[in-house]
Amino acid sequence: MKPVLTVALLGLMAAPAFAAGDAAKGEKAFNRCKSCHTIVSDTGETILKGGKTGPNLWGVVGRTAGTYDGFKYGKDLVPAGEGGLVWELESFTAYTKDPRGFLRTHLDNSKAKSKMSFKLKKGAEDIYAFLAQHGPVVEAPAEATDAPEGTEDTASE
């Protein structure tokens, strides 16, 4: 599948999840996250200044886990991403509630660890809604035609 189409489909699948949280509340709740995380756009614009202990969270919604370029992830998050873990509402809220427990369950490995030691007891849905506002714009896929492939529309001839 083409990368653009994949991103577009992921964006469409995640769209209903945006409504689950309150982005304004999430912005306030993100104060607990910014000691380790920052939000800096692909163009270098600082959206929210924060720490560098954790990866930049620009575009994290819909991103495959453990794939932010230039960040050195723990040894278990990268394999989770390679195994299909994508930051969607459900996975994001479960991970932020108990990072180590989530990875142990997801990887079926009782020794899995996470570099994230903070556990978010509540507000993950709001933070997710806030983060969903900060990422690349996902364009909808081009509309498909009703004509089968290889046929031409002769109505205008």
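Here are a few friendly notes on this predicted model, going from the whole chain down to one helix and one loop residue.

1. Overall make-up. The protein chain has six helices and two strands. Reading from the N terminus, the order is α-α-β-β-α-α-α-α, so the two strands follow one another, with two helices before them and four after.

2. Burial and surface. Of the 157 residues in the protein chain, 37% are buried. The accessible surface of the chain is about 10,400 Å², and carbon and sulfur atoms account for 53% of that area.

3. Contacts along the sequence. If you take the contacts between residues at least 6 apart in sequence, 48% of them link residues at least 24 apart.

4. Helix α6. This helix spans residues 124-132 and is mostly covered, with seven of its nine residues buried. Which residues of α6 are buried? They are Ala124, Asp126, Ile127, Tyr128, Ala129, Phe130 and Leu131. You may like to view that list with helix geometry in mind: an α-helix has 3.6 residues a turn, so residues three or four places apart point the same way.

5. Ser117. On the way into α6, have a look at the loop that joins α5 (99-107) to α6, where Ser117 sits. Is Ser117 buried or exposed? Ser117 counts as exposed because its relative accessible area is 68%, and the cut-off for exposed is over 50%. As for its place in the fold, the C-alpha atom of Ser117 is 8.4 Å from that of Asp98, although 19 residues separate the two along the chain.

How values were computed:
Residues are numbered from 1 along each chain as its sequence is written. This is a predicted model: local features need pLDDT of at least 70, side-chain atom pairs count only at pLDDT 80 or more; totals for chains, interfaces and linings use all residues. Side-chain values use heavy atoms; hydrogens and water are left out. Buried means under 20% relative accessible area, exposed over 50%, partly exposed in between (1.4 Å probe, protein chains only). Contact means heavy atoms within 4.5 Å. Accessible areas come from the Shrake-Rupley method with a 1.4 Å probe; for residues, only the protein chains shown count as cover.
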